[in-house]
Amino acid sequence: MSVHDEQKRAAARRALELVEPGMLLGIGSGTTARFFIEALGERVAEGLRVSAVATSRESEELARRLGIVVVDDPLQPIDLAVDGADEIDPQLRLIKGHGGALFREKLVASSARRFIVIADASKLARRLGQTFVPVEILPFLWRQTARRLAGLGADVRLRAGQDTPYVTDNGNFILDLTFTGGIEDPEGVAAAIKATTGVLEHGLFLGLATGAIVAEVEGLRILGSLS
Ligand code: 5RP
C-alpha cells in the first residue's frame, strides 16, 4: 500500500471513532471514503447498527455489499457525513468532485449536522484552485454554459468519459474549470458559477466542513472540530 493510501486509511479509521450506534451517516465517494466504508462495514459485521445515505452509486453498491443499510430519502437529518476532498484550505474550504460525485456530495454535506473531511496531506492547499473546480451542468446547450463560465476567467474543459463525455450519476455533464494562479476569492467565484444558467452545482464547498482529519507523515492533524 502506498504512503498516500496508508494516510487515507489512517484518517478514515479515526473518523470511524465518531460513529455511534443508531446514527444516520452520509458516506462519501472516492478512494479515501472507500477506506471509511470498508472500515464501517467491518464494524457492521460485528453488530454495529447504523444506516447511511450514499453520495454515489459506487459507494452505495460497496456499502450494500458490506451489509450497511443504505437509505435514499430519510426523514431525519444526517448525523454525520464523512467524505474525502481534492483540496482543503486553512479555513476548511474545499474543492471536491474530481471523482464526479460533487452534486450528491454537496447535498449530503449540507444536510448533515457534522461534515468531517478525511484526507492525506497532499490535499492541503494554502489557496484553493491548485487543481480544478468541477461543475455539474445540464447537457442541453452545454457549449453555451461552457462559454459563459469561460467568461469568469477560467480555462474550461468538458470532462471526458471512456469515449463520450463523462456522465454523472444524475445524467449530467461535468466541466472542469482551471483558474491560473489559484482562486483569490472563493466565495465570489462560487457565487458567480452558481448564478450561471445551465449550472446545477459546483465543487467549491465553502462553510460546509465542520472538521477535517488530515493524515501526515508525523501523524493525524485535526482541523476545525470533530465534535
Ligand atoms: C469525489 C470527491 C472525492 O472526495 C475526492 O475526489 C477525493 O478523492 P480521493 O479520496 O480518491 O482522493 O470529491 O467526487
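These legends describe close-up views of a predicted model. Local features need pLDDT of at least 70, side-chain atom pairs count only at pLDDT 80 or more, and totals for chains, interfaces and linings use all residues. Residues are numbered from 1 along each chain as its sequence is written, and side-chain values use heavy atoms, with hydrogens and water left out.

**View 1. The shell around the ligand.** The ligand has 17 residues around it; a residue counts as near if one of its heavy atoms lies within 4 Å. Thr 31, Thr 32, Asp 86, Gly 97 and Lys 123 come nearest. By class, the shell holds 2 nonpolar, 9 polar and 6 charged residues. Asp, Glu, Lys and Arg count as charged; Ala, Val, Leu, Ile, Met, Phe, Trp, Tyr, Cys and Pro as nonpolar; the others, Gly among them, as polar.

**View 2. Polar contacts to ligand oxygen atoms.** A polar contact here is a pair of N or O atoms within 3.5 Å. Lys 96 places a polar side-chain atom 2.9 Å from a ligand oxygen. Ser 29 uses a backbone N or O atom, at 3.1 Å from an oxygen of the ligand. Gly 100 also offers a backbone N or O atom, 3.4 Å from a ligand oxygen. The ligand alone exposes 370 Å², and the protein buries 91% of that (Shrake-Rupley method, 1.4 Å probe).

**View 3. The open sheet.** Seven strands run in the order 3-2-1-4-7-13-14, with mixed pairing. Strands are DSSP runs of E, at least two residues, numbered from the N terminus; two strands pair if DSSP finds at least two bridges between them. Strand 3 (69-70) and strand 14 (219-224) are the edges, each pairing on one side only.

**View 4. Strands 1 and 2.** Strand 1 (residues 24-27) and strand 2 (residues 51-54) are parallel, paired over 4 bridges. Leu 25 stands opposite Ala 52 in strand 2.

Terms used:
A polar contact is a pair of N or O atoms within 3.5 Å; within protein, one must be able to donate a hydrogen and the other to accept it, and residues adjacent in sequence count only if both atoms are side-chain atoms.
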